[in-house]
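Reader: I would like a close look at a single part of this protein, and then a connected account of how that part sits within the whole. Please take your time over it.

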Amino acid sequence: MKKLMIYGAAGYTGAMAAERAASAGLNLVLAGRTQNRATLEALAGRFGAEVRLFSLDEPEAIGDSLADINVLLNAAGPFIHTANPLMLAAICVGTHYLDFSAELDTYRQALALDGPARAVGVMLLPGCGGSVAMLGCLAARVVARVAAPRKLSIALHVAGTMSRGSLTSANQNLVTKTFRLLNGELVERSPAEVRDFDFGEGPRSSFPITLPDLLTLHQMTGVPDIETFVHISAGVFPSGELQALPAGPDAQERAENRYHAVVEVTEADGSMACARLDTVNGYTFTAMAAAEAARRVLTGEVRAGFQTPAGLFGQAFAESIADTRIVDTVSGLV
């Protein structure tokens, strides 16, 4: 039976993804660093999984640990420290690579490895959960309705507190400049260029942010001008010492804080097509989408090289996760 390894399964979202994968009947290997042995062994006992411990400082050890693994899901953030060594090892041993990074630089790394991965038939699928999967499917749906898309504006509404791991990644991957895509190139923009989007309950002020979707949406759609925004509800950033905070929001908080997104696609003649997405909390979506993506890759849904979730699985992928809904709208403000 083919094997799925989840590296970083001891973390908040990694453990949720492992639970989803186990529920789907996947043959699991839970992996991480030696200091996470106790947590990984406890999870393995619950899910009937194998445990493997290795450091990412030793390329040979990574390769040995991946030698019999068909699909690797990297759940260990900050991904700027983990994605590249795991992608390199995966390419060397022929293992398909997935993660749910929201860090722009790791997508640049994956794009740089597209050629070597294609040459050996290995797929690199960063962003198989989270905003890249959500926003990719939302954007793909609208772009398909437009004859000559020129510009894509997309906004994400984030609700509920962030996990400890997400806060750590955010603190270590602060982008000092805000970017948009203009004629296919990343260019700096002012962070003060806020605008309103309607996520379903009236206009909400949203500020420009540098998301990896600037790269993945262009890769998937070819639209030359792309801008990404976010509206953050109160309480997303919890107060207090990081290590004293809970690992992440509990089930009730996740249930009470759904995520939303809006996309506007502008044609060359200035006309616009729009849609809105409503889904479960981002952590719930990420765990479910990552496990489902891994399951589908294990069954053979694979294309070598750098891929995006919507490009690989189709624009309906997000709506196959929980009760995610996408509806067409007149504009992003209606």
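Author: In this predicted model, N183 lies in the loop between β8 (178–182) and β9 (185–189), and its phi is near 55°, a positive value in a residue other than glycine. Most residues other than glycine have a negative phi, and most peptide bonds are trans. The second part of that remark bears on another loop, the one between β4 and α4, where P78 is found; here a cis peptide bond joins G77 and P78, with omega at about -5°.

To place these loops in the whole, one can turn to the domain assignment, which gives domain 1 as 4–129 + 286–313 and domain 2 as 131–281 + 324–329. The centres of the two domains, taken over C-alpha atoms, are separated by 24 Å, and across the boundary 21 residues of domain 1 are in contact with 22 residues of domain 2. The size of an interface is often given as the accessible area lost when the parts come together. Between domain 1 and domain 2 the buried area is about 1800 Å², and carbon and sulfur atoms give 71% of it. On the side of domain 1, Y12, L104 and A310 supply 33% of the area buried against domain 2, more than any other three residues.

As for polar links across this boundary, the count of salt bridges between domain 1 and domain 2 is 0, while 2 residue pairs, both at pLDDT 80 or more, are in polar contact. Several helices form part of the side of domain 1 that touches domain 2: α1 (12–23), α4 (79–93), α5 (104–112) and α12 (309–313) each supply at least two residues, and α5 gives the largest share, with 4 residues. Sorted by class, that side has 13 nonpolar, 6 polar and 2 charged residues.

The structure as a whole holds 23 salt bridges. In one of them, the side chains of D68 and R52 meet at 2.8 Å, N to O; D68 is in the loop between α3 (59–66) and β4 (71–74), whereas R52 is in strand β3 (residues 50–53), so that the pair, 16 residues apart, links distant parts of the chain. Side chains of opposite charge can pair when their charged atoms come close.

An unreviewed UniProt entry lists residues 5–116 as "domain: Saccharopine dehydrogenase NADP binding". Over residues 5–116 the chain is 52% helix and 19% strand in this model, and the end C-alpha atoms are 22 Å apart.

Note on methods
Residues numbered from 1 in each chain as written. Predicted model: local features only at pLDDT ≥ 70, side-chain atom pairs only at ≥ 80, totals over all residues. Heavy atoms only, no water. Domains from an automatic or database assignment. Contact = heavy atoms within 4.5 Å. Buried area = accessible area lost by both parts, 1.4 Å probe. Salt bridge = Lys/Arg side-chain N within 4 Å of Asp/Glu carboxyl O. Polar contact = N/O pair within 3.5 Å; in protein donor to acceptor, adjacent residues only side chain to side chain. Nonpolar A, V, L, I, M, F, W, Y, C, P; charged D, E, K, R; others polar. UniProt positions renumbered as here; feature names shortened; annotations may be inferred.
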